[in-house]
Amino acid sequence: MSDKLLQLEQLARRLEPSPEQRNSWNAQTQAYADDFINHIEILKAYDEPPPNGRLSLPVEEQGKPLEQLLAELRTRVDRAGINPASGGHLGYVPGGGVFPAALGDYLAAVTNRYAGLFFANPGAVRIENALIRWMCELMGYPDGALGNLSSGGSIANLIAITTARDFKGIKATRVEKAVVYLTGQVHHCVQKALRIAGLGEAAIRYIPVDEHFRMDTKHLHIQLEKDIFQGLEPFLVVGSAGTTDTGAVDPLDEIASLAEQFGLWFHVDAAYGGFFLLVDELKGKFRGIERSDSVAIDPHKGLFLPYGLGAVLIKNVRAQYDAHFYKANYMQDAQQDWEEASPADLSPELTKHFRGLRMWLPLQLFGLGPFRAALEEKVLLCRYFYQKVQECGFEVGPEPDLSIMIFRFRTTAEDSARFNERLLEYVRRDGRVFLSSTTIDGEYWIRLAVLSFRTHKREIDLCLDILMEGVAQVEKELASAGG
Ligand SMILES: *Cc1c(COP(=O)(O)O)cnc(C)c1O
């Protein structure tokens with residue numbers, strides 16, 4: 001027994017590398033990260049994936065040297081597909097990944113503090129709850145509101161919808177009569193969350209949008225009255241503060257009034273747009289968000305943090321608790337009335353990464369100033385592009401509310417969608433910037449989404465240049481195909 005233990009210990013102790021080994025790994029990792037960041041301006045925003053992209057390193061009994069693993073990472077992962085760290089990333093919803101967030105993750109992983117329960121680590125829970133309260137304050141929520149730091153906006157929306165469901169008493173037998181109000185522009189994770197939360201059989205009313213793709217509240221009002229007349233049970237309305245397609249902000253104040261009048265839970269999906277509240281000039285667009293019951297907001301978008309951090313903010317924390325707590329015998333030491341609510345009682349998660357540290361560290365190190373400036377810059381860059389791209393002969397969608405907009409080349413070619421698809425293919429092949437597309441009311445549009453902290457005027461001008469090169473190229477191809 002003792003011999004066996006010694007033998008096992010010897011091998012198991014390899015899991016604790018020596019200081020020399022740690023130094024060497026640290027240095028190699030840091031060199032890799034430095035090389036990545038120092039070259040970020042010349043790295044592509046989009047690389048065609050290598051033809052044989054399969055990872056070649058199986059998990060085996062014996063370990064491998066870090067050089068080999070980093071080489072694999074470089075070629076197969078970090079030079080393939082979309083590069084979300086690039087300032088040229090102007091598709092989907094960019095974020096970037098500010099550097100100190102990585103240090104926060106590193107420290108959280110090394111110290112491995114348990115941020116799920118106040119009992120286990122009061123400091124970690126205090127940091128997380130303080131960040132949540134700071135965001136609640138930004139929304140204009142009163143004291144007493146709280147929420148949860150989640151892995152992203154999808155889970156944040158799910159927590160809010162689950163809370164709304166239980167608070168409004170929508171049990172299985174009532175689901176078929178329950179009604180939810182959205183627009184067709186809502187992020188698909190909301191429908192996904194409704195289904196996951198057992199609300200798949202509830203009626204979903206898609207309220208028409210106006211020419212700015214904002215919810216038309218006249219229609220919301222009419223639909224609510226119709227549904228009540230029919231004996232249905234409206235219980236939830238979801239507004240968007242920054243839609244994914246066009247960045248539109250719904251008329252939140254008007255929705256809030258109807259939600260109050262008809263007794264609905266009012267949830268706002270501000271996953272993309274919420275942090276624009278930091279910009280004074282934009283505050284008016286969000287008027288009414290303070291009257292909502294819950295908000296989803298993504299620090300891994302609007303605060304430029306690396307992927308893995310969303311947040312849900314909920315005014316009635318008791319409702320959130322009632323929808324998520326559970327008591328277990330082996331948890332009895334943790335069950336007391338602590339001065340801070342525990343994240344584990346307010347979300348589906350128990351054990352979790354101390355993800356607050358990656359948000360706390362950058363906010364504390366930089367202060368808010370640079371974040372506010374960067375957000376205002378993104379909005380102005382989008383407006384700048386909106387003007388310039390029209391001067392270049394493009395057609396545009398509505399004037400952007402925030403930093404996302406749609407456009408397409410106005411062409412005499414018969415198939416405008418095909419022309420613009422080919423244009424987008426050209427941009428992808430070039431790779432210096434990355435754009436995505438969408439279909440709205442059956443029409444093809446190219447999207448510009450400016451939200452990387454690394455996107456400045458240089459990148460927007462580059463994007464315009466590439467688009468013009470692309471137009472010339474596609475026109476040439478079409479002419480030679482036609483002639
Ligand atoms: C990104 C986004 C989501 C989904 O959030 P994830 O963090 O990707 O899970 C939901 N709603 C909106 C408006 C978004 O932009």
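**Close-up views of the ligand site and the domains**

**View 1. H300 and its polar contact with the ligand.** In this predicted model, H300 reaches the ligand with its side chain: one of the polar atoms there lies 2.8 Å from an oxygen atom of the ligand. Taken on its own, the ligand has 370 Å² of accessible area, and the protein covers 85% of that. Two elements each give two or more residues to the surrounding shell, namely α6 (153-167) and α10 (299-302).

**View 2. G153 and S154 beside ligand oxygen atoms.** Here we look at two residues that approach the ligand through different parts of their structure. For G153, a backbone N or O atom sits 2.7 Å from an oxygen atom of the ligand. For S154, a polar atom of the side chain takes part, with 2.6 Å to an oxygen atom of the ligand. Helix α6 spans residues 153-167, and with three residues α6 provides the largest share of the shell.

**View 3. The whole shell around the ligand.** Stepping back a little, we find 14 residues around the ligand, and those that come nearest are G153, S154, D269, D298 and K301. Sorted by class, the shell holds eight polar residues, together with three nonpolar and three charged ones.

**View 4. Domain 2 meets domain 3.** The protein is divided into domain 1 (2-83), domain 2 (105-366) and domain 3 (368-482). This view turns to the last two, whose centres, taken over C-alpha atoms, are 31 Å apart. On the domain 2 side, 32 residues are in contact with 22 residues of domain 3. The size of an interface is often given as the accessible area lost when the parts come together. Between domain 2 and domain 3, the buried area is about 2,500 Å², and carbon and sulfur atoms give 68% of it.

Note on methods. Residues are numbered from 1 along each chain as its sequence is written. This is a predicted model: local features need pLDDT of at least 70, side-chain atom pairs count only at pLDDT 80 or more; totals for chains, interfaces and linings use all residues. Side-chain values use heavy atoms; hydrogens and water are left out. A residue is near a molecule or strand if one of its heavy atoms lies within 4 Å of it. A polar contact is a pair of N or O atoms within 3.5 Å; within protein, one must be able to donate a hydrogen and the other to accept it, and residues adjacent in sequence count only if both atoms are side-chain atoms. Accessible areas come from the Shrake-Rupley method with a 1.4 Å probe; for residues, only the protein chains shown count as cover. Helices (H or I, at least four residues) and strands (E, at least two) are DSSP runs, numbered from the N terminus. Ala, Val, Leu, Ile, Met, Phe, Trp, Tyr, Cys and Pro count as nonpolar, Asp, Glu, Lys and Arg as charged, and the others, Gly among them, as polar. Domain bounds come from an automatic or database domain assignment. Contact means heavy atoms within 4.5 Å. Buried area is the accessible area (1.4 Å probe) that two parts lose on being put together, summed over both.
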